[in-house]
Structure formats: structure tokens, C-alpha cells
Amino acid sequence: MSQETCLDRAIADRLREAVSTYRDRADYLEIRLEQSESTAISFRGDRLDAANRNFSLAGGVRACHKGGWSFVTFNGLDELHDRLEEAISQAKLVGTETTQLAEIEAIEDFVPLELGRDPRGISLAEKRDLVERYNQLLLAYDPRIQTTSSSYRDRFGVTYFVNSAGTCIAQERLDISGGFGAIARGEGGLVRQGYESVHSRSDYNAFVDLEDRVRSAAERAIRQLEAKSVKGGQYTVVLDPYLAGVFIHEAFGHLSEADFVYENPRMQELLQLGKAVAIEQLNVVDDATLNGLPGSLKYDDEGVRAQRKYLIKNGVLTQRLHNRETAGKMNEAPTGNARALSASYPPLVRMTNTAIEPGDRSFAETIADIDEGVYAVRMIGGQTNGEMFTFAAAEGYMIRDGQIAEPVSDVTLTGNVFQTLTDIEAIGNDSVYTNGGCGKGGQSPLPVSVGGPHVRIKDVVVGGR
């Protein structure tokens with residue numbers, strides 16, 4: 001890194017010197033160090049739950065020797081040499097095989113932010129007042145709103161990455177997020193909820209003038225109070241873009257993470273590259289190169305350049321998501337999907353921005369010939385178990401004679417992901433990306449986004465109350 005492009009040359013040089021001193025004692029070494037400052041504000045009901053500012057410097061050392069990995073954290077540069085000693089000795093303790101890491105080029109780079117209104121210049125009091133005002137909008141929306149949750153968080157960090165292969169990268173990152181939830185109670189103790197979220201990678205103003213979006217959380221909760229439970233059965237179901245994105249992330253995206261695949265013989269059989277797994281019109285991407293989305297990045301946490309990958313292309317399984325180790329072990333190319341929640345966590349194989357590409361149907365065409373079906377909107381919960389999934393839609397509507405009809409509640413969708421991918425009947429020509437947070441290996445919420453158009457699927461098992 002040149003003096004002009006390195007954010008803090010002294011830190012970068014110190015990390016490089018440390019790795020250079022120990023590089024011959026292990027097959028592979030890396031140091032990640034992060035300087036960050038963050039704000040977190042939350043209300044629960046009409047009470048302020050938290051208002052915090054935090055400044056930290058923390059990092060982690062990862063070592064690999066004979067296939068054995070270790071990870072050691074530190075909270076100050078003075079600890080660095082002791083932590084390197086620990087990481088190397090622990091890796092040698094567990095390593096008994098061969099280190100297999102896909103080769104990558106050595107990179108020197110500094111990745112700065114392009115900022116709009118910087119949240120670091122906004123006082124804690126001003127942020128608190130804005131969150132409180134949004135929270136009061138929810139509380140005052142309807143007497144049936146029993147409680148609310150409103151939160152704001154911003155986090156600015158600079159992460160340094162140095163490894164024994166000669167890479168030295170510094171990246172700035174900002175995440176600003178807000179979440180607004182409303183819980184409504186109706187007759188007989190019936191409880192419904194609505195939620196709205198917002199995210200920006202660059203501009204505090206994305207959090208300003210959100211009154212209508214905040215109220216929409218309360219509107220959805222009240223609307224569901226007044227909806228009747230859907231009658232269980234098999235239906236043609238149309239997923240809205242949000243739920244289509246969540247479906248492809250949860251039910252298929254996690255199956256594409258190679259650390260899951262290479263240790264699972266059944267999944268290796270089901271997920272052979274080149275195998276047709278969906279209708280020919282389906283294309284699924286994981287794209288970290290899109291500008292400004294939560295999962296976007298220039299380099300992953302192993303110094304691999306971010307990429308756009310087709311997980312499914314024209315219905316055929318074409319790629320999976322890798323870190324350097326899984327790529328090396330499976331003799332495939334690294335994809336830039338090694339990600340960690342912060343420098344205090346080891347990188348895992350994670351998604352970035354995962355989406356179904358749009359097709360050629362308008363929404364009106366998608367529902368036009370459905371005599372009786374279900375329109376499922378957003379998601380409030382769900383789980384996956386291998387190829388099986390269950391999702392609970394936040395809202396639902398019956399489709400009757402090609403038109404959206406009455407609202408319904410308790411819409412739960414269950415199925416096998418591979419069967420579902422072949423049961424898709426139409427893919428909309430619209431597309432929306434929605435911010436989210438993903439959990440894996442105790443690291444949550446990792447910023448990601450999910451996307452897609454409206455998607456129509458036949459013979460979906462829908463459970464009501």
C-alpha cells in the first residue's frame with residue numbers, strides 16, 4: 001500500500017511485520033484488525049431500552065498447519081505476537097492432514113467509503129429523538145397496538161487484512177439500519193405483528209422522513225387481526241418479491257454454501273454441478289458487486305475479490321459458494337464468500353446478495369388464470385432442515401378468479417426445495433432487493449440482502465390454524 005492509499009500505514013506495516021516474522025512456522029497465517037465506532041438505540045413500548053455509543057479495536061489471528069485451523073482474538077496490538085504464538089501452536093496441535101487452500105493473487109488495496117450524510121456527525125440525542133418519534137407513531141396508530149419495538153443502529157469500521165501470501169487490504173464499511181415492529185391484540189387474545197426495516201451503506205438521511213414506512217408496520221398488524229385463518233390444503237401460491245427472496249436464500253442459498261456440501265455425502269449427490277434442479281426459466285445469483293446493498297463488498301474476509309455468481313443458470317446448478325479451503329478441497333474456484341461478523345470472529349462461507357432474476361410475466365398475468373390460490377406476502381418466521389422448509393408469511397390474501405381477494409392469516413408454506421424449484425409456473429418481470437441479517441455459526445446478524453420478483457408455484461402445501 002502506498003502512503004496515498006493506505007488509511008493508516010503504521011497499522012498496516014505493523015501487521016505485515018508480525019505476519020512476516022511468523023510465516024515460516026505455519027502453512028498459512030492471517031491477521032484481521034478492526035477499528036470501529038457504533039451507536040445503538042432501542043425502544044420497547046414507550047420505554048427507552050438502550051442508547052449506547054461504543055468505540056473498539058479488536059482483531060483475530062487465524063493459523064492453519066497440516067489442515068488444522070485455529071483462531072485467536074486480541075484487543076490491542078501489544079498482544080499481537082503472543083496471539084500469533086498461540087494460534088500457531090494450537091493449529092499444530094490439531095493438524096494431521098494436508099493444508100488445501102485455493103490459490104489467489106496477492107492484493108494490496110485500500111477501499112474507501114463514498115459518504116452522504118455521515119451518522120458520526122449526528123448527536124446521540126438527535127438520533128434518539130428520531131427513533132422515539134417513529135416509535136410514538138406506532139403506539140398511536142390504533143388502540144389495538146399493544147406494544148412496539150423501534151431500533152436504530154449505525155456502525156462504521158475500518159478492517160485491515162494481512163496474510164502470509166502477501167495480501168494487505170484495508171476496507172472502510174458503514175452500516176445504518178432501523179427496525180420497527182408493532183404487536184396488535186384483538187378479540188379472544190388473538191395476537192398479530194407487523195415489521196418494517198431500513199438499511200443504508202452510506203447515508204444517514206436514509207433514516208429520515210420514514211413516517212409512512214414506519215406506520216406500515218402497524219397497518220400490517222391491524223390488517224392481520226381482521227383476517228380469517230386460511231383453510232389448509234394444496235394451492236397455487238404466488239410469493240411476493242420479499243418472500244421469494246427469503247425463500248431462495250433460506251431454502252436454497254444455504255445448501256449452496258460449500259462447507260455444508262463437502263461434509264455431506266447426500267448433498268454432494270443432490271447438488272452435483274451441471275445437474276438440472278429447476279425449471280429452465282429459473283436463474284439464481286449471489287452477487288456481492290451490486291452497489292450499496294447490505295451484502296456488497298469489494299473483498300471478502302480472506303482477501304478474495306467479490307464476484308457475481310450464478311448458482312442456478314437456466315435451471316442448471318452451475319456454481320456454489322466457497323471460501324479458500326472448500327474451493328481447494330473440492331477443486332473449484334474461490335468465490336469471495338468467506339465472511340465474518342467482525343474481526344473478532346473467524347470467516348465462514350456466507351451469502352452476500354442472493355436473488356432470483358426476473359422473468360417475463362407481469363403480476364396481472366401471473367395471477368390471471370388462478371381460480372383459487374394464495375398470495376403470500378413477506379415472512380415472520382420459518383425454518384429449514386436440509387432440503388425441507390417451512391415459512392410463515394407475514395400476510396396472506398386469497399386469489400379468486402384471477403384477482404386478489406380477501407386477506408387471510410396463518411399462512412404457512414411447507415415443502416421440499418428441489419420439488420418446489422421444479423413446480424415453479426411463472427417468474428415475474430419485477431424485482432426487488434430487501435435488506436436482511438443472516439445467522440450461521442453463532443454469527444448474527446450478518447448484513448445480506450435477498451431479492452426476486454413475484455414467483456408462482458403450483459401444489460404448495462398451505463397450513464392454516
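Me: Why is Cys-64 called buried?
Reply: In this predicted model, Cys-64 has a relative accessible area of 1%. Buried means under 20%, so Cys-64 falls in that class.

Me: And what makes Cys-438 count as buried?
Reply: The cut-off is the one just used, under 20%. Cys-438 comes in at 3% relative accessibility, so buried is the right word for Cys-438.

Me: How many disulfides does a search of the whole structure find?
Reply: Zero. To count, a pair of cysteine sulfur atoms would have to sit within 2.5 Å, and the search turns up no such pair.

Me: What makes the peptide bond between Ser-444 and Pro-445 a cis one?
Reply: Look at omega, which is about 0° for the bond joining Ser-444 and Pro-445. As for where that is, Pro-445 belongs to strand E24, residues 443-452.

Me: What is notable about phi of Asp-410, and where does the residue sit?
Reply: Phi is near 60°, a positive value in a residue other than glycine. You'll find Asp-410 in the loop between strand E20 (403-409) and strand E21 (412-416).

Me: Why is Asp-410 called partly exposed?
Reply: Partly exposed runs between the buried limit of 20% and the exposed limit of 50%. Asp-410 has 22% relative accessibility, so Asp-410 counts as partly exposed.

Me: What about Asp-459: which value does phi have, and where is the residue found?
Reply: Phi of Asp-459 is near 55°, again positive in a residue other than glycine. Asp-459 is found in a strand, E25, covering residues 455-463.

Me: Why isn't Asp-459 called exposed?
Reply: Exposed needs over 50%. Asp-459 has a relative accessible area of 45%, so the label is partly exposed.

Me: How do you know that Glu-86 and Arg-83 form a salt bridge?
Reply: The N to O distance between their side chains is 2.7 Å, and the cut-off is within 4 Å, so the pair qualifies. Both residues lie in helix H2 (residues 80-94), three residues apart, or about one turn of the helix.

Me: Which labels do the two partners get, and why?
Reply: Arg-83 has a relative accessible area of 16%, so Arg-83 is buried. Glu-86 has 31% relative accessibility, so Glu-86 counts as partly exposed.

Me: What makes Asp-286 and Lys-309 a salt bridge, and which parts does the pair tie together?
Reply: Their side chains meet at 2.9 Å, N to O, and within 4 Å is what's asked. Asp-286 is in strand E10 (residues 284-287) and Lys-309 in strand E11 (residues 308-313), so the bridge ties together parts that are 23 residues apart in sequence. Asp-286 and Lys-309 are both buried.

Me: How do you know that Glu-425 and Arg-456 are bridged?
Reply: The closest N and O atoms of Glu-425 and Arg-456 are 2.9 Å apart, and the limit is 4 Å. Glu-425 lies in strand E22 (residues 424-427) and Arg-456 in strand E25, so this pair links parts 31 residues apart in sequence.

Me: Is Arg-456 buried or exposed, and what label fits Glu-425?
Reply: Arg-456 shows 9% relative accessibility, so Arg-456 counts as buried. Glu-425 has a relative accessible area of 35%, so Glu-425 is partly exposed.

Me: What makes Glu-196, Arg-213, Arg-220 and Arg-378 one network?
Reply: Salt bridges that share partners join these four residues.

Me: How many salt bridges does the structure hold?
Reply: It holds 39.

Note on methods: Residues numbered from 1 in each chain as written. Predicted model: local features only at pLDDT ≥ 70, side-chain atom pairs only at ≥ 80, totals over all residues. Heavy atoms only, no water. Buried < 20%, exposed > 50% of the residue type's maximum accessible area, 1.4 Å probe, protein only. Helix = DSSP H or I, 4+ residues; strand = E, 2+ residues; numbered from the N terminus.
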